[in-house]
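I open this entry with the structure itself. My notes on what I looked up follow below.

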Amino acid sequence: MEPVADLVQLRRALADNLRPPDLLLADYHWNRQETAADALAAAQADSGPVPAVVFSADVALPLDANRWSGSIQFLDKSAGEKALLAAMAKALDASLTAKSRDVS
């Protein structure tokens, strides 16, 4: 796990790693008006599709979630451990399913 606080740190972490991240865990609202949408776009530009779990207390966010693939799961900040584990599994499973479709 490599924590980052903004897009500069994210891009540096992506450049320093030899392989794409397995999963991104991100709060929706970042520093300096950056959002998880910005982080996901940066990660995908660097590494291709990356599964993610995005946390938010913003109740309107799930309406916007329809524009993202199934490998990006949205979770309320108050969700517990079981919900987090389920969201992580769902994001990873959707990513693997998408990759296997691309290969076939």
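**Sheet, helices and salt bridges**

I began with the pairing of strand 2, residues 52-56, and found that strand 2 runs parallel to strand 3, with five bridges between the two. At the end of strand 2 I looked up S56, and its opposite residue in strand 3 is D76. I note here that the model is a predicted one.

I then took the sheet as a whole. It is open, has three strands in the order 1-2-3, and its pairing is parallel. Which strands stand at the edges? They are strand 1 (24-27) and strand 3 (72-76); each has a single partner strand, so one side of each has no neighbour in the sheet. I looked up the turn between neighbouring strands of this sheet, and it is 20 degrees on average, ignoring direction.

Next I checked what packs on the sheet. Helix 2, residues 36-47, does so and touches strand 1, strand 2 and strand 3. I noted an angle of about 155 degrees between the direction of helix 2 and that of strand 1.

For the chain overall, I counted four helices and three strands. Read from the N terminus, the order of elements is α-β-α-β-α-β-α. The chain has 104 residues, and 32% of them count as buried. I also looked up the contacts with a separation of 6 or more: 55% of them are between residues 24 or more positions apart.

**Helix 1**

Which residues of helix 1 (residues 7-16) are buried? I found L7, L10, A13 and L14. These residues are on the same side of helix 1, because the arc they cover around the axis is only 125 degrees. A15 and D16 are exposed, on the other side of helix 1. I asked what covers the buried residues of helix 1, and helix 2 is included in the cover.

At the N-terminal end of helix 1 I found a cap: D6 has a side-chain oxygen 3.2 Å from the backbone nitrogen of V8.

**Salt bridges**

How many salt bridges does the structure hold? I found two.

One of them joins D22 and R19, with 2.8 Å between the closest N and O atoms. I checked accessibility for both residues. D22 counts as partly exposed at 49% relative accessibility, while R19 is exposed, with a relative accessible area of 54%. The cut-off for exposed is over 50%.

The side chains of D27 and K77 also form a salt bridge, at 2.9 Å from N to O. D27 is in strand 1 and K77 is in the loop between strand 3 and helix 4 (81-103), so this pair ties together parts 50 residues apart in sequence. I looked up accessibility here too: D27 is partly exposed, with a relative accessible area of 30%, and K77 counts as partly exposed at 46% relative accessibility.

**S95**

My last entry is on S95, which is found in helix 4. Is S95 buried or exposed? It counts as buried, at 8% relative accessibility; the cut-off for buried is under 20%. Leaving aside residues up to four places away in sequence, I found that S95 touches P51 and S71.

Notes: Residues are numbered from 1 along each chain as its sequence is written. This is a predicted model: local features need pLDDT of at least 70, side-chain atom pairs count only at pLDDT 80 or more; totals for chains, interfaces and linings use all residues. Side-chain values use heavy atoms; hydrogens and water are left out. Two strands pair if DSSP finds at least two bridges between them. Axes are lines fitted to C-alpha atoms, for helices over the stretch in contact, and angles run from 0 to 180 degrees between N-to-C directions. Contact means heavy atoms within 4.5 Å. Buried means under 20% relative accessible area, exposed over 50%, partly exposed in between (1.4 Å probe, protein chains only). The arc is that of the directions from the helix axis to the C-beta atoms. A polar contact is a pair of N or O atoms within 3.5 Å; within protein, one must be able to donate a hydrogen and the other to accept it, and residues adjacent in sequence count only if both atoms are side-chain atoms. A salt bridge is a side-chain nitrogen of Lys or Arg within 4 Å of a carboxyl oxygen of Asp or Glu.
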